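Got the viewer open? Let's walk through this one a selection at a time, beginning with the whole chain and ending at the surface.

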Amino acid sequence: MRIGELARKTGVSVRMLRYYENQGLLTPRRTAAGYRMYANGDTERVRRIALLNRAGLSLATLRPVIACEVQGDADFQPCDALKETLQATAAELSGQIENLQRARAVLGKWIGASE
């Protein structure tokens, strides 16, 4: 499939797909005319990259661990390196949540609102 179709299927912009390629997260084959051609498994890969990026993993963090993914594997099982990265990110998110909850409690006291 071409880049526009992959963008439509995943909700990720063409520009971001090119950036993913530039960062080594996607490797489409090229036609003789130079068009990018993506495999069907790239749809799920792009969705996974976008999800993990929204969850707080930087693309630089994802680059070395995205190799855990088996192309076309519907039941993705992260490798140990990815699990460690995800655990560290989850811990960071928990800390951020706690800080936000404390800040909300302070603000609530100041404005007289209940949590």
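Start with a cartoon view of the whole thing, bearing in mind that this is a predicted model. You should be able to pick out five helices and two strands. Follow the chain along its sequence and they come up as α-α-β-β-α-α-α.

Next, colour by burial. Of the 115 residues in the chain, 31% are buried. If you switch on contacts between residues at least 6 apart in sequence, 51% of them join residues at least 24 apart.

Now for the inside. Select L17, Y20, L25, V46, I49 and L62: in the largest nonpolar core, which has 20 residues, these touch the most other members. Then highlight α1 (3–10), α2 (14–22), α3 (41–54) and α4 (59–65), the elements that each give two or more residues to this core. The biggest giver is α3, with four residues.

Stay in the core and centre on I49. What is I49 in contact with, once its neighbours within four places in sequence are left aside? Show Y20, L25, L59, L62 and I66 as sticks and you have the set.

Time to go outside. Turn on the surface: the chain exposes about 7,700 Å², and carbon and sulfur atoms supply 52% of that. Select V106, L107, W110 and I111 to light up a nonpolar patch of about 490 Å².

Last stop, I111, which you'll find in helix α5 (residues 80–111). Is I111 buried or exposed? Exposed, because its relative accessible area is 68%, and the cut-off for exposed is over 50%.

Key:
Residues are numbered from 1 along each chain as its sequence is written. This is a predicted model: local features need pLDDT of at least 70, side-chain atom pairs count only at pLDDT 80 or more; totals for chains, interfaces and linings use all residues. Side-chain values use heavy atoms; hydrogens and water are left out. Buried means under 20% relative accessible area, exposed over 50%, partly exposed in between (1.4 Å probe, protein chains only). Contact means heavy atoms within 4.5 Å. Accessible areas come from the Shrake-Rupley method with a 1.4 Å probe; for residues, only the protein chains shown count as cover. Patches are made of residues with over 30% relative accessible area and no salt bridge: like charges are joined within 9 Å, nonpolar side chains (Val, Leu, Ile, Met, Phe, Trp, Tyr) within 5 Å. A salt bridge is a side-chain nitrogen of Lys or Arg within 4 Å of a carboxyl oxygen of Asp or Glu. A nonpolar core is a set of buried Ala, Val, Leu, Ile, Met, Phe, Trp, Tyr and Cys residues joined through side-chain atoms within 4.5 Å.
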